[in-house]
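Here's a short set of exercises to work through with the model open in your viewer. Try each task before you read its solution.

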Amino acid sequence: MSFANPGIFFEKLDKWKVISLICLIVVSAALLFYNAFRFELPLGFSGMYTLMAEQISDNGYALPESTPYYGPGGIPFAYPPFGFYVMAVIVDLFDVSIFTYLRFIPPLFSLLALVPFFLLVERMTFSFWAAVFSTTLLLFSPTLFQNHTWSAGMVRGLAFFLMLCGFYCFYRTLEEGENRSFAILTGIFLGLTGLTHLFYGMFFALWVVCFGLIEFNINAWKKTLLTLLTSALVGAPWAFVMITRYGFQVFTNAFSSHDNYAFQDTFLQGRLGALLSFAAVKITEAPLPVLGFVFSAAALIYLFTQRKFGIPVVLFVMVFLLSPESERFLVLVIILLTGIGFSIGMEKLKSLWLRIALVVCVVLSFAQMAAYGLEEVLGSVLFLNKNAIDVADFVEANVPEDARYLFVAGQSEAEWFPYFLRREPFVSKWGSEWLGTYDQQRILQGKVSYCKDGQSYQCLKDLELNVAAGDILITKKNQKTLAYELETSGACQRLAVIGIYVLWSADCLAP
């Protein structure tokens, strides 16, 4: 199918295709927005992102110098800001609450992202049904649901949408002969993606380079260069400000997050066995239908025989050369390959029985992926509790502004507390990558988690925190063993019980 005439796509839609599209839209909206209506609070954690968006609004839309509390102790405001500006503008313009935005806008970004993905697969495969198949698999992917539909999707979901729009435009770029308008449009999307999330921008740039340079075509190379130059122009003003303020090291520090340093050390040391093990675990643990790997393998073989190396190279890099954070992109590429494999099967298999077998495989893949997705959506639980707002009110009234706190809880729940309490935590893995202290904070967070699991007062003392007067300790009511040890220690003063949380003076944690 060709889109040289924009009306061709709609002209070729018969009744069943229209019904299929309507069903896909309805199912997509129901699945993505289900938890937005189910819960009054946002899923996941995005306290730091929310604080940054509020800062932009409070600062008259000028870039702040730093973000307080996180890090801990504050971090440079070097995070790509486009998603924060979008949130600040929408919240201010339409007077919606922060929680409403975090509940509904990430699912909206995720829903919109399905459109360019559908068009990309349809254009690459010339198959409407391959596009439906792949888009449905993408919709039900637990990995992509967590990353883009939870509250942090205010950034990641937006980056995902921009990136897929750019993928579609770049595919058009390579098809359109001398027309360079799509190359410029791709560059704008690439620049905006990088201004939203650095890692999505990196993957997008990798995609452009792999598809554009491996074409072995001068015209494709020229348009790829135009795309990259356009994206550089879009991102250059912000990058210049960041490097002027903080130096280039702030960006190298950023890539220490999500255990990237551990992976980079393994790669640089040339430990091939460890890399192969890492790759095997990443692929086998990805929540994808088993038969999807069969379709993907068929697609890879076909692409190699046709000397189309763009997607295979991208897949190789995702598996071996980037980081643990690349799983979401690995899933995306495999789902795309699955659609290509399905379209090849429909084209090459002439026997009725083989085609029936192919349809059975598709149905089984649908069923397995739907099971994964429904389990993820229906099993979602909130990390954020309403009592956190009550704790914030108590802290504002009773705890000095320069006091610090230790929260004995899981890191996802704890991520919200600097935003609500407006106090500095003793431990803050979030944002520490911009300070170059991510590994240190990750280790300290692990120790706190160990103390939480063991419910041990002595374990908390062994952290040897630099406790000062006014600092507080926050535990949860269900940590009964820990509460007993704190109460019977004779050194810990309970300040308040607020819903599921218990607040103590932290004096007793002094070594």
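**Exercise 1. Check the geometry of helix α23 and work out how it sits in the fold.**

Solution. Keep in mind that this is a predicted model.

Step 1: start with length. Helix α23 covers residues 438-454, 17 residues in all, and spans 24 Å from first C-alpha to last. At 1.5 Å a residue you'd expect 24 Å, so the two values are close.

Step 2: list what's buried. In α23 those residues are Y438, Q441, L444, Q445, V448, S449 and C451. Looking down the axis of α23, they fall within an arc of 160 degrees, so they line one face of the helix. The general background is that an α-helix has 3.6 residues a turn, so residues three or four places apart point the same way.

Step 3: look at the other side of α23, where Q440, Y450 and D453 are exposed.

Step 4: find the cover. The buried residues of α23 are covered by elements including α4 (70-73), β3 (404-407), α21 (411-414) and α24 (457-461).

Step 5: check the exit. Just after α23, Q455 has a positive phi of about 45 degrees.

**Exercise 2. Is helix α11 largely enclosed or largely open, judging by its buried residues?**

Solution. Step 1: α11 runs over residues 198-213, which makes 16 residues, and reaches 22 Å between its end C-alphas, close to the expected 22 Å.

Step 2: twelve of those 16 residues are buried, so α11 is largely enclosed by the rest of the structure. Among them are F199, F203, W207 and F211.

**Exercise 3. Trace the five-stranded sheet and place β5 in it.**

Solution. Step 1: write down the order. The sheet is open, with mixed pairing, and reads β4-β3-β5-β7-β6.

Step 2: find the edges. β4 (424-425) and β6 (494-498) each have a single partner strand, so one side of each is left without a neighbour in the sheet.

Step 3: take the partners of β5 in turn. Strand β5 (residues 472-476) pairs with β3 in the parallel sense over three bridges. The bridge partner of L406 is L473 in β5, and Y405 is matched with I472. With strand β7 (residues 501-505), β5 runs antiparallel and is joined by five bridges; here T475 has V502 as its bridge partner.

Step 4: ask about burial. Five of the five residues of β5 are buried, so this strand is largely enclosed by the rest of the structure. Both of its faces are covered, with I472, I474 and K476 on one side and L473 and T475 on the other. In a regular strand, side chains alternate between the two faces of the sheet.

**Exercise 4. Which residues touch the most other members of the largest nonpolar core, and which helix gives this core its largest share?**

Solution. Step 1: the core has 137 residues, and F84, F203, I311 and I474 touch the most other members. Helix α6 (residues 98-125) gives the largest share, 13 residues.

Step 2: zoom in on I311. Leaving out residues up to four places away in sequence, I311 touches M124, W207, F211, L303, V333, L336, L337 and I340.

Step 3: look for a separate core. There's another one, apart from the largest, with 23 residues, among them L473, C492, A506 and C508.

Step 4: compare with the whole chain. Of its 511 residues, 55% count as buried.

**Exercise 5. Is T338 buried or exposed, and what does it contact?**

Solution. Step 1: locate T338, which is in helix α18 (residues 327-348).

Step 2: apply the cut-off. Buried means under 20% relative accessible area, and T338 has 2%, so T338 is buried.

Step 3: list the contacts. Setting aside neighbours within four places in sequence, T338 is in contact with F133, S134, L137, G292, F295 and S296.

**Exercise 6. Which backbone angles around Y69, P72 and R422 deserve a look?**

Solution. Step 1: Y69, in the loop between β1 (66-67) and α4, has a positive phi near 75 degrees and isn't a glycine. At 22% relative accessibility, Y69 counts as partly exposed.

Step 2: the peptide bond from G71 to P72 is cis, with omega near -10 degrees. P72 belongs to helix α4.

Step 3: R422 is not a glycine either, yet has a positive phi of about 55 degrees. R422 lies in the loop between α22 (417-421) and β4, and at 31% relative accessibility counts as partly exposed.

Notes
Residues are numbered from 1 along each chain as its sequence is written. This is a predicted model: local features need pLDDT of at least 70, side-chain atom pairs count only at pLDDT 80 or more; totals for chains, interfaces and linings use all residues. Side-chain values use heavy atoms; hydrogens and water are left out. Helices (H or I, at least four residues) and strands (E, at least two) are DSSP runs, numbered from the N terminus. The expected span of a helix is 1.5 Å times one less than its number of residues. Buried means under 20% relative accessible area, exposed over 50%, partly exposed in between (1.4 Å probe, protein chains only). The arc is that of the directions from the helix axis to the C-beta atoms. Contact means heavy atoms within 4.5 Å. Two strands pair if DSSP finds at least two bridges between them. A nonpolar core is a set of buried Ala, Val, Leu, Ile, Met, Phe, Trp, Tyr and Cys residues joined through side-chain atoms within 4.5 Å.
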